[in-house]
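Me: Please take a close look at one part of this model. Start with the chain as a whole, then work inward.

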Amino acid sequence: MTRRSAMNGRSFLVMALALAAGLVLVFLMSEEPFNATIAFFLSPFSNRFYFGNLLAYSIPLMLTGLAASIAFTSSCFNLGMEGQVYLGALGGTAAGILLAGKVSGALGIFTMIIVSFLFGATAAGISALLKTRLGVNELISSLLLSNGLVIIVDYFIEGPLNDRPSGLAATVTLPDEFRFGGLMSPSYLHSGIIFSITAAVILWFFLFRTREGFKMRITGKNRRFAYYSGVDTKKVIFWSLFLSGGLASTAGIIDVIGIHGRVMRGFSSGYGWNGIAIALIARNHPLMVVPAALFFAYLESGAQIASLEANITPEVAKIVQAVIFFLVTAEALIPRAFWRKRYV
Amino acid sequence: MGQILYHLGAKLSKPVLEITDLKKTYSISGTRALDGATLAFYSGEIASLLGENGAGKTTLMKAIVGIEKPDSGSMLLQGEKYIPLGPYSALEKGIGMVPQSLKVISQLTVFENLLLGFRSNWPGRTIKHFKEKIEEVMQRYRLQLPLDMKVELLSTGQRQKLEVLRILQNSPGIIIFDEPTTLISETDKGELFETFRRFKAEGKTVLFITHKLYEAYSVSDRIYVIRSGVIIGRYKRDETSVEELHDLVSGEETRPDRVQLSSAGEVVLRVEELGIEGSVEGEEAVKETSFEVRRGELLAISGVPGNGQEELLEGIFGMRKILSGRVLLDGKDVTNVPPRNLRKLGLAALPSDRDGAASCKNATIKDNLVIHKVADGGWIVDDRGLDAFARSLLSDYGVLYGSIFDPASSLSGGNLQKLLLSREISSEPRALLLGEPSRGLDVKHLHILRTVLARIKEEMAVVVFTADLEEALKVGDRIIVMSEGRIVFNAVNRPGLSKHMIGKLILKATGERQ
């Protein structure tokens, strides 16, 4: 059963192998391998600041991971998440700037998230409509659309919404009441993590307990069968991409509300692609997205800390991530016997 | 070297392959597929393994080629211990298997597929060398195929030939055929058996797995009957009769008979001048087809596979574009209406494309059963109610399964068939279209199917699409035969109507048209 099989040991094995690969790399590349290893693997847990930042980094990754999962579940590919995250951040922030001083903090934040959601959902919805009406491959349309969106968002950051006095490539800052409270100062961790985890639980409930979720899963497994059985597959595809785009967007705005307080040029670069990797590790299971995102954030912060404290470049994390991609996509590499027994 | 040994074996009549006390229990579902099977095969013989759905035939064969690892038991190949590691290693030792569902790559050409199947794909050899070699094999067994044609353009019968060639080019001594006759036409069947005999003449061993009594009886030298994972009968052909085998296979005496209702009710489904799009855009697979079905009347649509029957079903059920004409359900125009709405209006169908459309093998058994019920209704799925529904349906139709949360792929072909039938019938439609309902069913289940059909036709209009004309004659109250997308025969099934007669009538009719 999907619920159980998603939890099998395979994903853990992949993570363990990736860590081992990281270890080997650290040993090969560092002059003081022992210190570097400790910095890479253990220092994220060594103090509040590092650990809090690790958690903070996982917040948007959980959301993009969920966004990718829901699209994959119905066998659709949303490759436009990079653009959607960025657009969502801008849309939400613009709403926040307009509402500044007019509404209460909670309502402001709520509105920003909704607006942001709709921005990304619309972007993905366009790809969905192109797919269902005209048969345009959503893989291509979402990617191209996203590339265009990034440039448009850049224009708004540099142009109409730019914070001129600061001289930065960033928008005007949001008022303080439109920001999340910090949870583990001095780190960047903010209460947005509750939002991400709640989103994962809600999405799990949606996929495995509701009628629409059931339809999405069956459509993803065999579209022709679903259509024959009486599922309106076009509708299902539209909604799954729509939700995917929306969720990806909230990743952008949550990061703005929680950490930066403004949209900086290119701040969210990589969130979208990493979301796809996370969905692959989590095998599209919403609840597994949470640990997968944490693992990703752990690698990332480990590499950053190691580059500060030992002489290792941050690229090591990228290589380890690449190893994960490799292992996850090349299922055949791992002998079935390793993980099969967990099914029973 | 292998060849010599085989011939030697034939003279001494020592078995080529000896299987002793093979046992296998599937860990996921706990099904005991093999329970101490012991049997032997000899060179220069055609041996059949006969049994019901889920009797363990396929598992036994998978054990022989190493796809499944038996829990215990041993195998001796030419007197030596034989432990296969997989189809590739089995082929190296001279055992090849033609699988039940054909595994060819349809985007590649015939030649490319064959090249992939070469056991020893020596680097440095030219394309020409391989072509010559393949052509030589084709000559020898008279299995001709156009080498440069894309496989997707081949008929099912030709694809099977391709599978056979893929094994043959590696010149194995033992060739296993797993249910080879389910998908192909009568003519192709004849050719296949001819190929069997050619192997036999060469001193090779043919292992023919089937649930069809007559086929096993007519072609084999030796017949093994398997039931519940045990070999319960070992015969040389002359030692037994079809009747004896029949009783043994099914475990009970059955008498196939058609229940005819005295009166047919109102017209439920009406099809007028239908033209339906084929797999290639713009091509018409069904042309100017009209018929009507009444409640209480079972319409059987037959004909050689690939003459528009499949497209007709899919077209009526909204899965394929109708180019001209219309479909009326209870007098209401439902042309090009999607399945979703047709189901609400009381039409149900089982497409003959089992894996692609009728079932979802990687979803759970439960999901396969309850999908209709989930397609509409409130927000939250009533999981407990659906579990109960699935379980009761499965037990009503005697489907053998492990758990309803196992994937549908864990079911044997016949059991999956029963599951799908139960699902469609349980929706209590006004009209039911069934594509190949008897495919892959054994004697006992065929009988059950016929009883079920006789029962449900009292309440609904039933259309059975079957390539097997004999079967059509057994169940149908009215028979339609299609050829090249048109109806070439349409008449009430009166006693005395035979396959032979229909053939003559069709010939006469087509002759007149030309």
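Reply: **Chain B and its open sheet**

Chain B has 514 residues, and a compact globule of that length would have a radius of gyration near 24 Å. The value for chain B is 24 Å, which agrees. (The radius is taken over C-alpha atoms; the globule rule is 2.2 Å times the number of residues to the power 0.38.) This is a predicted model: local features need pLDDT of at least 70, side-chain atom pairs count only at pLDDT 80 or more, and totals for chains, interfaces and linings use all residues. Residues are numbered from 1 along each chain as its sequence is written, while chains are lettered from A and ligands numbered from 1 in the order in which they are written.

Take the overall box next. Along the principal axes, the C-alpha atoms of chain B fill roughly 70 × 55 × 50 Å. Of its 514 residues, 45% are buried (20 or more other C-beta atoms within 10 Å of the residue's own, with C-beta atoms placed from the backbone). Consider contacts in chain B with a separation of 6 or more: residues 24 or more positions apart account for 70% of them (contact means such C-beta atoms within 7 Å).

Now the secondary structure. Chain B has 18 helices and 20 strands (DSSP runs numbered from the N terminus: H or I, at least four residues, for helices; E, at least two, for strands). By contrast, chain A comes to 15 helices and zero strands.

Here is the sheet itself. In chain B, four strands form an open sheet. Their order is 2-1-4-5, and the pairing is antiparallel (strands pair if DSSP finds at least two bridges between them). Strand 2 (32-41) and strand 5 (80-81) of chain B stand at the edges. Each has a single partner strand, so one side of each is left without a neighbour in the sheet.

Follow one edge. Strand 4 (residues 72-77) of chain B runs antiparallel to strand 5 of chain B, and two bridges join them. L76(B) has K81(B), in strand 5 of chain B, as its bridge partner.

A helix meets the other side of the order. Helix 2 (residues 57-65) of chain B lies across strand 1 (17-25) and strand 2 of chain B. Relative to strand 2 of chain B, helix 2 of chain B runs at about 65 degrees (axes are lines fitted to C-alpha atoms, for helices over the stretch in contact; angles run from 0 to 180 degrees between N-to-C directions). Strand 2 of chain B is thus described twice: as an edge strand, and as one of the strands that helix 2 of chain B crosses.

Key
Buried ≥ 20, exposed ≤ 12 C-beta atoms within 10 Å, placed from the backbone. Contact = placed C-beta atoms within 7 Å.
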